[in-house]
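Good morning, everyone, and thank you for making the time. Please have the sequence and the structure open in front of you while I talk, because I will go from place to place.

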Amino acid sequence: MTVAVRYTAARTLDTAETQTRSPGPGEVELAPAYVGICGTDLHIFHGDMDARVTTPAVLGHEMSGRVVRVGPDVEGWAPGDAVTVMPLRWDGTCPACSSGHQHICQHLDFIGIDSPGAMQQRWTVPASTLVRVPDSVPLEWAALVEPTAVAVHDVGRAAVREGERVVVVGGGPVGILIALVARAAGADVRIAELSAHRRALAEASGLTAWDPAVDDVPELVREWTGEAGAEVAFEVSGAAAGVDTAVDVLGVRGRLCLVAIHPRPREINLHRFFWRELTLVGARLYDRSDFEKAVSLVADGTIPADRLISKVVPLTEAPAAFEALEAGGDVMKILVDCTDDAQGAAV
């Protein structure tokens with residue numbers, strides 16, 4: 001038996017014992033160490049994804065851990081290996097897969113949403129989803145590889161180039177990671193973020209952050225770029241005002257990369273798209289090369305993982321951690337410690 005955090009109904013989580021499934025052919029059993037709580041997990045917690053999630057649902061897809069057992073026909077992995085998981089299972093036959101875009105398979109199983117996730121003491125997954133983590137990387141840091149892979153994919157979709165001016169609208173975990181990855185690609189980056197705590201974290205990481213409640217962000221961009229406007233903007237806020245800002249800061253032939261999930265249609269200034277020949281690109285999830293790049297960025301310190309982790313809580317306190325994130329405040333990323341020792345200490 002293993003202990004898991006389960007979503008059972010809107011705003012209701014519990015911790016319960018569940019049966020551990022032995023790994024079958026091509027599968028491995030993992031001992032998750034740390035699991036991050038992300039915005040999608042909060043959407044599930046709020047009940048916004050009940051049409052998709054089958055209850056009781058074990059949450060979590062930002063994880064690190066170690067291999068415990070390998071199933072038949074699994075090669076290259078052994079107990080004790082440090083790993084993270086690229087939580088995607090595709091069918092390989094749909095039009096998206098056939099055109100080489102398996103990560104947005106039209107019948108995608110996003111593990112941790114559509115099937116059981118990592119917020120448990122034991123977790124069985126396809127060996128094909130494993131991504132190796134160097135032994136030199138603390139497992140707490142490795143739990144940030146998945147959101148970093150999102151940022152790597154986003155920066156790639158926007159085709160950010162060295163020397164370009166980039167504005168990131170929204171300085172939450174993914175927004176800061178996008179800013180750091182874009183800076184590593186040679187861009188000059190600014191963040192627009194309402195939270196003073198998040199702005200302070202961005203600035204502590206060497207980034208420049210503006211407060212859109214006080215600062216005229218488009219005017220600041222005009223001054224910064226000599227009236228030219230930014231080459232790239234990322235919309236990560238999920239707010240209507242954020243969309244407006246992301247469009248307004250762009251210069252001629254600028255690229256707007258839509259990262260945030262907007263649950264309802266937004267008005268957008270199409271005249272500005274016409275007048276400045278702007279481009280809009282969507283960015284969703286990642287592929288294996290994004291994950292491997294993310295591992296290297298965490299390993300070499302480009303991503304200051306220790307600074308971005310606000311708190312680590314034992315698995316039994318995960319429900320309270322969801323409420324803390326929902327309340328906002330001085331929180332960036334909360335990790336859930338799923339190790340057996342942590343649960344024993346918490347009981």
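The residues that line the largest cavity divide into five nonpolar and one charged, with no polar residue in the set. If you want to find them in this predicted model, the lining is made up of Leu144, Pro147, Pro173, Leu177, Leu308 and Lys333. The space inside the largest cavity comes to about 40 Å³, and the structure holds one cavity of 30 Å³ or more. For those who are new to this kind of calculation, rolling a probe the size of a water molecule over the atoms shows where empty space is left.

Let me turn from the cavity to a pocket. The second largest pocket has about 270 Å³ of space, and of the 16 residues that line it, those closest to its centre are Arg21, Pro116, Gln120, Trp123 and Thr124. Which element gives the most to the lining of this second largest pocket? That is strand 9, residues 123-126, which contributes four residues. As for the character of the lining of the second largest pocket, six of its residues are nonpolar, six are polar and four are charged.

Now to the salt bridges, of which the count comes to 17. I will take three of them in turn, beginning with Asp14 and Arg6, whose closest N and O atoms are 2.9 Å apart. Asp14 has a relative accessible area of 23%, and is therefore partly exposed.

The second salt bridge is the one between Arg132 and Asp81, where the closest N and O atoms are 3.5 Å apart. Arg132 lies in strand 10, residues 130-132, while Asp81 lies in the loop between strand 5 (62-70) and strand 6 (82-85), so this pair ties together parts that are 51 residues apart in sequence. Are these two partners buried or exposed, or in between? Arg132 is partly exposed, because its relative accessible area is 43%, whereas Asp81, at 19%, is buried, since buried means under 20%.

The third salt bridge brings together the side chains of Asp340 and Arg122, at 3.2 Å from N to O. Asp340 is in helix 13, residues 340-346, and Arg122 is in the loop between strand 8 (109-110) and strand 9, so here the parts that are tied together are 218 residues apart in sequence. Asp340 counts as partly exposed, at 40% relative accessibility, and Arg122 also counts as partly exposed, at 23%. This pair does not stand alone, for salt bridges that share partners join Glu29, Arg69, Arg122 and Asp340 into one network.

Let me move on to the surface, where Leu258, Ile268, Leu270 and Leu280 form a nonpolar patch, with about 340 Å² of accessible area together. Leu280, one of these four, has its place in strand 16, residues 279-282, and with a relative accessible area of 47% it is partly exposed.

My last stop is Val214, which is found in the loop between strand 13 (208-210) and helix 7 (217-224). Val214 counts as exposed because its relative accessibility is 65%, and exposed means over 50%. Along the chain, Val214 and Leu194 are 20 residues apart, and their C-alpha atoms are separated by 9.0 Å.

Conventions: Residues numbered from 1 in each chain as written. Predicted model: local features only at pLDDT ≥ 70, side-chain atom pairs only at ≥ 80, totals over all residues. Heavy atoms only, no water. 1 Å grid on protein atoms, 1.4 Å probe; cavity = no way out; pocket = protein on both sides within 12 Å on 5 of 7 lines; lining within 4 Å. Points joined across faces, edges and corners; volume = space filled by probe spheres on them. Helix = DSSP H or I, 4+ residues; strand = E, 2+ residues; numbered from the N terminus. Nonpolar A, V, L, I, M, F, W, Y, C, P; charged D, E, K, R; others polar. Patch = residues over 30% accessible without salt bridge, like charges linked within 9 Å, V, L, I, M, F, W, Y side chains within 5 Å. Areas by Shrake-Rupley, 256 points an atom, 1.4 Å probe, with all protein chains shown as cover. Buried < 20%, exposed > 50% of the residue type's maximum accessible area, 1.4 Å probe, protein only.
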